[in-house]
Structures are given as C-alpha cells and as structure tokens.
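Me: I have a structure open here and want to go through its metal site and its pockets. Can you take my questions as they come?

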Amino acid sequence: MAKIAESVIEEIKSRISMVDVVSRYLVLHRKGDRFWGLCPFHEEKTPSFSVLPEKGFFHCFGCGKSGSLFDFVMEMEHLNFPEAIRLLAEQAHVVLAEETPQEKRHRSEEETLRDLYEKLAASFSYILSNTDSGSRGRDYLERRRFTDETIKAFSLGYAPDDPQWLFNFLRSKHYSDDILAKSGLFAKNNPTYPLFRDRLMFPIRNWKGQVVAFGGRDLSGSSKAKYINTPETMLYRKREIVYGMYESLTELKKQQSCMLCEGYFDVLALH
Ligand code: ZN
C-alpha cells in the first residue's frame, strides 16, 4: 500500500480514544491519570497493565511490554503496521491516500491467492478425513499414532494421486491461469501438473493463522523427494515463517520460551 502520511496517523490518534480501543480486549478501571487492567500479554491475577490516554501509551509493569495504540493493535490482531493503520483508519473514518493501480493489482492478487490457499487447505483436509482416497493418509497417520485431535489442530490433509485433480478443482473455482501460475502449486515447466500428489499435506500458517503454503510428505514410496514444500510466492517468504508457530502462539506467550525442531512430524509429536 501507499506510504502512510504522518497526518493520517495524527488524525487517527485525534479521533480514536486509546482507552476505547483497549477496552475492546480487556476491562479497564481508572485510577488517577492511568487506566488499569489485566495484561493481555502475560498471565496475571492482579492488574499491572496500564494505559496513559494523555500520552497515548500503554505499559505493563508485569512483563514490561509497552507501546503506542498502534503497537497494541498490531500485537492483539497479529497485524503489521500498515494493516493496523488500515484497521484503525476505518474505525476512525479517516480516509487513506488512494492506492496506485499497481498497488491495487498486487493487493487483489494477494487476496485471491489467500482465498485459494484457504479453500485448498479445507479441501485437502476434507479429502483426508472423508474420502476413500484419503484413507492412504489416514492409515499412515494411524501407523504413526497421531490422533484426530492433532489432525484437526494442524488441519492436516491429503493431496490426491490423480494428476488432473488440482488443476480441475481450482479451475472449477474460477481461478485464472495467471493466479495458478503464481500459486506455487504447479510444476514450472508444466502449468497444469501439481507439485503435490499422493502426499500427506501440512498447511503452513503465518502469524495470523492464514494458510500461505504447504509441506507434503510422500506416501507413494516412489518419489525421490520424501518431503517437498511450496516454493516462495507473494504470500510465502520462508525466512519469515516457522511451521507450527501460529498453533503455539498462546502457549508461547504464556511460557515466553519455546523448543525448535526440524521436521513437521517432530512439531506434531512435541505438541
Ligand atoms: Zn504484561
């Protein structure tokens, strides 16, 4: 999106009360010039989280977290800065600068791709749990002793063996050739041939819980690559995403520590 003018930020601040915004997430009580509540960033029984509306600033005396209205919304909604501005601008009825046609196209492609990945993850998961062809995946998971609970929590799925299925499925949902080519789901030299066939599918989510890529474990026993991943796309930058991070967020915040491990199944097993 366009670079955000300082005036927009000032206008949002002048029109929106920080106490109102924070109060959507926790109960605040006034004491002197501060408002106090239970901190949403760490677990506590007595309030050490405070808001200074005059200064447009929050601070937690328990975990030390502090920042502006925008920092608070970014943290609570898992947004980046421009996204937080967009959200608050909407709520404050502040008009943002127009996007350039190029930015608009980019954003619309990104939204289409997100939608595609969500639909596909749901379909892979349906196929795994409810169809005959999915039994290959179910049997494999059973042998490795993963429960339905884990399968559900990580939305595991199954990509059918049929090399026509993916292309036909996505075309039936009216995705364009151009979007399919940018999706990272098809072979570079054959735009209808799927990268993932007869594989157990691991949806990879970003911080916000949106599916942005897949990992796939071969079930045929005949593929050279036991595991493959979606290549980088407009949604997926490998250096920014750790598999299982989203699913661990609540616990991570409580513990303030984590264990890193290498494989998809290691993540599942440790959970
Ligand atoms: Zn805190």
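**Zinc site and pockets**

Reply: The donor residues of the zinc ion follow the spacing C-x2-H-x17-C-x2-C in sequence. This is a predicted model, where local features need pLDDT of at least 70 and side-chain atom pairs count only at pLDDT 80 or more, while totals for chains, interfaces and linings use all residues. Residues are numbered from 1 along each chain as its sequence is written, and side-chain values use heavy atoms, with hydrogens and water left out.

Me: Which atoms coordinate the zinc ion?

Reply: C39 (SG), H42 (ND1), C60 (SG) and C63 (SG), at 2.1 to 2.3 Å. Donors are N, O and S atoms within 2.8 Å of the metal (3.2 Å for Na, K and Ca); water is not among the atoms, so sites may look incomplete.

Me: Which parts do C39 and C63 tie together?

Reply: C39 is in the loop between strand 2 (34–37) and strand 3 (49–52), and C63 is in the loop between strand 4 (57–60) and strand 5 (66–68), so the pair ties together parts 24 residues apart in sequence. Strands (E, at least two residues) and helices (H or I, at least four) are DSSP runs, numbered from the N terminus.

Me: Is C39 buried or exposed?

Reply: C39 is buried, at 6% relative accessible area. C63 is partly exposed, at 36%. Buried means under 20%, exposed over 50%, and partly exposed in between (1.4 Å probe, protein chains only).

Me: OK, pockets. What volume does the largest pocket have?

Reply: About 820 Å³. A pocket is an open set of points on a 1 Å grid over the protein atoms alone, where a 1.4 Å probe fits, with protein on both sides within 12 Å along at least five of seven lines; lining residues have an atom within 4 Å of a point. The volume is the space filled by probe spheres set on the points, which are joined across faces, edges and corners.

Me: Which residues lie nearest its centre?

Reply: N80, E83, E110, R114 and K208, out of 25 that line the largest pocket. Helix 5 gives the most to this lining, with six residues.

Me: And how does that lining divide by class?

Reply: Nine nonpolar, five polar and 11 charged. Ala, Val, Leu, Ile, Met, Phe, Trp, Tyr, Cys and Pro count as nonpolar, Asp, Glu, Lys and Arg as charged, and the others, Gly among them, as polar.

Me: What about the second largest pocket?

Reply: Its lining has 14 nonpolar, seven polar and three charged residues. The second largest pocket has a volume of about 660 Å³.
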